[in-house]
Amino acid sequence: MAKEEPPSTTRDLQELQKKLSLLIESFQNNSKVVAFLKSPVGQYLDRHPFLALTLLVFIAASAIPVGFFLFLVVLTSLAALVGVILLEGLVISVGGLSLLCVLCGLGFVSVAMSGTLMASYVVVSSLINYWFSPRPLMQQNPSGECHLAMKSTDFEGLYQE
């Protein structure tokens, strides 16, 4: 003997069938679906139900990998954008610090060269003034008059015959 199902299960199945038929009817009465079914592609798929089912399964199954790929594309683009900004900031920072070091070095070299040139100028001008200035010997008379005289010993080694 076959075991009979309780009446509540049969009633639930009938309600489910009624809801599914209403859902299918609402899809078929949708204006976009009607417009698609009137198009050449819709008419072709209506005549070839196996191809329509295959296409539906392929689209449904490929939604997750395509969505994952698009998520990776967006994530990679954002990472590249942030990476470019960070890389550009790093390059500008390193370049700025390098420029600062070079300019500080040039400032130190400029101060050192200026000091060297000033000291050289003072020393050379003092030596030139010492070497090429006339150095007459001054003799003072008891009367307070100054006479210029040169010693003969200054010229002894210069002219020898």
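## A tour from the pocket lining to the surface patch

By class, eleven nonpolar, two polar and one charged residues form the lining of the largest pocket, which is the place to begin in this predicted model. Select Val33, Phe36, Leu37, Ala52 and Leu56, since among the 14 lining residues these lie nearest the centre of the largest pocket, and then display the pocket itself, whose volume is about 470 Å³.

Next, colour the chain by helix: helix H1 (7-28), helix H2 (31-38), helix H3 (40-47) and H4 each supply at least two residues of that lining, while the largest share, five residues, comes from H4.

Zoom out now to the whole chain, where four helices and two strands can be traced, running from the N terminus in the order α-α-α-α-β-β. With a surface representation switched on, the accessible surface of the chain comes to about 15,000 Å², and 71% of this belongs to carbon and sulfur atoms. Buried residues make up 2% of the 161 residues in the chain.

For the last stop, select Val123, Val124, Leu127, Ile128, Tyr130, Trp131 and Phe132, which together make a nonpolar surface patch of about 770 Å². Centre the view on Ile128, whose place is in helix H4 (residues 49-132). Is Ile128 buried, exposed or partly exposed? Its relative accessible area is 41%, and Ile128 is therefore partly exposed, because that class lies between the buried limit of under 20% and the exposed limit of over 50%.

Terms used
Residues are numbered from 1 along each chain as its sequence is written. This is a predicted model: local features need pLDDT of at least 70, side-chain atom pairs count only at pLDDT 80 or more; totals for chains, interfaces and linings use all residues. Side-chain values use heavy atoms; hydrogens and water are left out. Patches are made of residues with over 30% relative accessible area and no salt bridge: like charges are joined within 9 Å, nonpolar side chains (Val, Leu, Ile, Met, Phe, Trp, Tyr) within 5 Å. Accessible areas come from the Shrake-Rupley method with a 1.4 Å probe; for residues, only the protein chains shown count as cover. A salt bridge is a side-chain nitrogen of Lys or Arg within 4 Å of a carboxyl oxygen of Asp or Glu. Buried means under 20% relative accessible area, exposed over 50%, partly exposed in between (1.4 Å probe, protein chains only). On a 1 Å grid over the protein atoms alone, a cavity is a set of points where a 1.4 Å probe fits but cannot get out, and a pocket is an open set with protein on both sides within 12 Å along at least five of seven lines; lining residues have an atom within 4 Å of a point. Grid points are joined across faces, edges and corners, and a volume is the space filled by probe spheres set on the points. Ala, Val, Leu, Ile, Met, Phe, Trp, Tyr, Cys and Pro count as nonpolar, Asp, Glu, Lys and Arg as charged, and the others, Gly among them, as polar.
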